[in-house]
Amino acid sequence: MDDISGSATRAARDLRVVLSRMRRRIREVAQDADLTPSQESALTLVGKHGAATASALASAEGVRPQSMATTLAVLDQQGLIRRSPDPDDGRRQLVTLTDAGQARVEGNRQAREEWLARAFQDRFSEEERHTVLEALALLERLSQQ
């Protein structure tokens, strides 16, 4: 790392720390008391992926299939997901959101977005918000590489 400037090293470290804190805070905003963080995460994942098998969800979430099966059982009991036969392989089941599950995912997304917009409105000046937008454009460029 001798060829990497101190400012690049500091920016990388500080960005990682800030993103971690922001991710944690945003997750807390719409955290449902009746779901664990892993159940909430799985519900969101099903919403993102659409119809998916439990093993695909486990792989995407980085957990064992048995752990995902347990998580999905709770979501199923609460009426947030449904299981249906995979049309390509009748031995497997596809997991999708129910209307209640979709409403919950959308409500959580909206709560997080509103919290963040309100925080920007209340804590930053118009000039600072523009600075954030400029920084986000740079970070987007970084993410494209």
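Helices (H or I, at least four residues) and strands (E, at least two) are DSSP runs, numbered from the N terminus. The model is predicted: local features need pLDDT of at least 70, side-chain atom pairs count only at pLDDT 80 or more, and totals for chains, interfaces and linings use all residues. Residues are numbered from 1 along each chain as its sequence is written, and side-chain values use heavy atoms, without hydrogens or water.

**View 1. The whole chain has 6 helices and 2 strands.** From the N terminus, the order is α-α-α-α-β-β-α-α. The radius of gyration, taken over C-alpha atoms, is 19 Å, well over the 15 Å that the globule rule (2.2 Å times the number of residues to the power 0.38) gives for 145 residues, so the chain is more spread out than a compact globule. The C-alpha trace spans about 55 × 40 × 25 Å along its principal axes. Of the 145 residues, 23% are buried (under 20% relative accessible area, 1.4 Å probe, protein chains only).

**View 2. Arg-21, Arg-23, Arg-24, Arg-27 and Lys-48 form a positive surface patch.** Patch residues have over 30% relative accessible area and no salt bridge, with like charges joined within 9 Å. A salt bridge puts a side-chain nitrogen of Lys or Arg within 4 Å of a carboxyl oxygen of Asp or Glu. Helix 1 (residues 6-29) gives the most to the patch, with 4 residues. Arg-27 lies in helix 1. Its relative accessible area is 48%, so Arg-27 is partly exposed (between 20% and 50%).

**View 3. Arg-64 sits in the loop between helix 3 (54-61) and helix 4 (65-77).** Arg-64 counts as exposed (over 50%) because its relative accessibility is 56%. Arg-64 and Val-74 are 10 residues apart in sequence. Their C-alpha atoms are 16 Å apart in space.

Methods:
Patch = residues over 30% accessible without salt bridge, like charges linked within 9 Å, V, L, I, M, F, W, Y side chains within 5 Å. Areas by Shrake-Rupley, 256 points an atom, 1.4 Å probe, with all protein chains shown as cover. Lys, Arg positive; Asp, Glu negative; His and termini not counted. Charge placed at Lys NZ, Arg CZ, Asp CG, Glu CD.
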